[in-house]
Amino acid sequence: MAKAEKKPLHYIWIPGQGPTKDALQRLLALVPERPDEAPGEAWFIGEKRKFYDSFISMPVEVIPGPDLEHFFADITGGIANFAEMDAQVRIWTTWIKYLAPRLIDRACREHTHPVLLESLFTAFFRIFTTCGADQTDELRRDILDTLGRLIMRPDLFDENGESLCAHFWDWKVAPGTIWPRCNGPISASLFLCLTYLPLSEIETWAGSVLAIESIYFRANLLAWLAGAFEPLTKSPNPFLAISKSSINLTWTESFLLESHSPVIPKENIALFFRTTREILTFEKLLDWVQDMEKYPSMASALKVARTVDYVADTVLIG
């Protein structure tokens, strides 16, 4: 008899512990068979409408990347703008639910160019926001246990325990200019969990995030804390405000969430930052900074942007 999958008592992030198998199996079972009808594009003129025929004619693993990326961008916008077209929206959401769990491995393998991976986050944020009637507590939990844990997969950490998602970033915003940003999948994952985890699990999850020892991950987290603090604590629409942050927290098509935005519970935000202040002491922050000197370009970018100063003087002061 196969052993039952061992689950942690609380929702936590642990490097090397990615999506849970039972949650992935439930997502696969939502739409077990490939839909018979190819989805059509949301935006077209006259009768010249494109259909994603490759979704019908090819195995999911070899559907051209541009087709998938265009589909997720096109439909994520279309779901909100054509919500009155119930039949069409059902076709789109059915295809997203069919494709997403079958694209997880492929999307993670492409973490150095994570357009597909980031598109999955945007699509599910939009589905949950626009098609609330289809949302159940179990589905939300399964998304957290799969999509929400993707960046913790063992193949996304190297032999030194460094997060590969965090390692592959581009902090150069112009020739000769270095400025910090947060890697797209990491930023999207933090927003996903902050938005959909129940309040009772925020403290434990936040503690597990701060316990991750990867130096690159910590640098991304500091950039995220510095960039997200004001949008989360002062803006009525954080998804709109992050697009204006001096530190880039966006991911592929995240601008589509500026309207029809998910609501991030204020209680979750308050508890997340309170937990951060309790765990990330000034002494620990200085230890992180010292460790980051191992990677001069990263340390330089954080210093130039005064990211650590902002975290110390604003985020940790509250």
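How far apart are the end C-alpha atoms of helix α10, and what span should its twelve residues have at 1.5 Å a residue? The expected span is 16 Å and the end C-alpha atoms of α10 (residues 199-210) are 18 Å apart, which agrees. The expected span of a helix is taken as 1.5 Å times one less than its number of residues.

The model is predicted, so local features need pLDDT of at least 70 and side-chain atom pairs count only at pLDDT 80 or more, while totals for chains, interfaces and linings use all residues. Residues are numbered from 1 along each chain as its sequence is written, and side-chain values use heavy atoms, with hydrogens and water left out.

The secondary structure of the chain comes to 16 helices and two strands; helices (H or I, at least four residues) and strands (E, at least two) are DSSP runs, numbered from the N terminus. Of the 318 residues, 53% count as buried, where buried means under 20% relative accessible area, exposed over 50% and partly exposed in between, with a 1.4 Å probe and protein chains only. Contact is defined as heavy atoms within 4.5 Å. Among contacts in the chain with a separation of 6 or more, 75% are between residues 24 or more positions apart.

Back in α10, the buried residues are E201, I202, W205, A206, G207, S208, V209 and L210. Their cover includes α7 (137-146), α9, α11 (215-234), α13 (266-279) and α14 (282-292).

One of these covering elements, α9, has 13 residues and reaches 18 Å from its first C-alpha to its last, close to the 18 Å expected at 1.5 Å a residue. Because 13 of the 13 residues of α9 are buried, the helix is largely enclosed by the rest of the structure. At its start, a side-chain oxygen of N183 reaches to within 3.1 Å of the backbone nitrogen of I186. S187 lies in α9, which runs over residues 184-196, and has a relative accessible area of 0%. The side chains of S187 and W224 are joined by a polar contact of 3.4 Å. A polar contact is a pair of N or O atoms within 3.5 Å; within protein, one must be able to donate a hydrogen and the other to accept it, and residues adjacent in sequence count only if both atoms are side-chain atoms. Not counting residues up to four places away in sequence, S187 touches C182, W224, L249 and W251.

W224 also appears in the largest nonpolar core, where W13, L99, F191, W205, F217 and W224 touch the most other members of the 96 residues. The largest share of this core, 13 residues, comes from α11. A nonpolar core is a set of buried Ala, Val, Leu, Ile, Met, Phe, Trp, Tyr and Cys residues joined through side-chain atoms within 4.5 Å. In soluble globular proteins, nonpolar side chains tend to be buried together. Leaving aside neighbours within four places in sequence, L99 is in contact with F55, V60, I63, L68, F71 and F72.

Helix α11 also holds R218, which is buried with a relative accessible area of 12%. Residues up to four places away in sequence aside, R218 touches I212, E213, W288, D291 and M292. In helix α13, F273 counts as buried at 2% relative accessibility. With the sequence neighbours up to four places away left out, F273 touches L225, F229, L232, T233 and V315. F273 and T233 are 40 residues apart in sequence and 9.4 Å apart in space, C-alpha to C-alpha.

D74 is placed in helix α3 (residues 65-81) and is buried at 7% relative accessibility. Its side chain makes a polar contact of 3.3 Å with the side chain of Y52. The C-alpha atoms of D74 and A42 are separated by 6.1 Å, with their positions 32 residues apart along the chain.

Two loop residues that are not glycines have a positive phi. E253, in the loop between α12 (238-241) and α13, has a phi of about 60° and is partly exposed at 21% relative accessibility. R306, in the loop between α15 (296-304) and α16 (307-315), has a phi of about 55° and is exposed at 53%.
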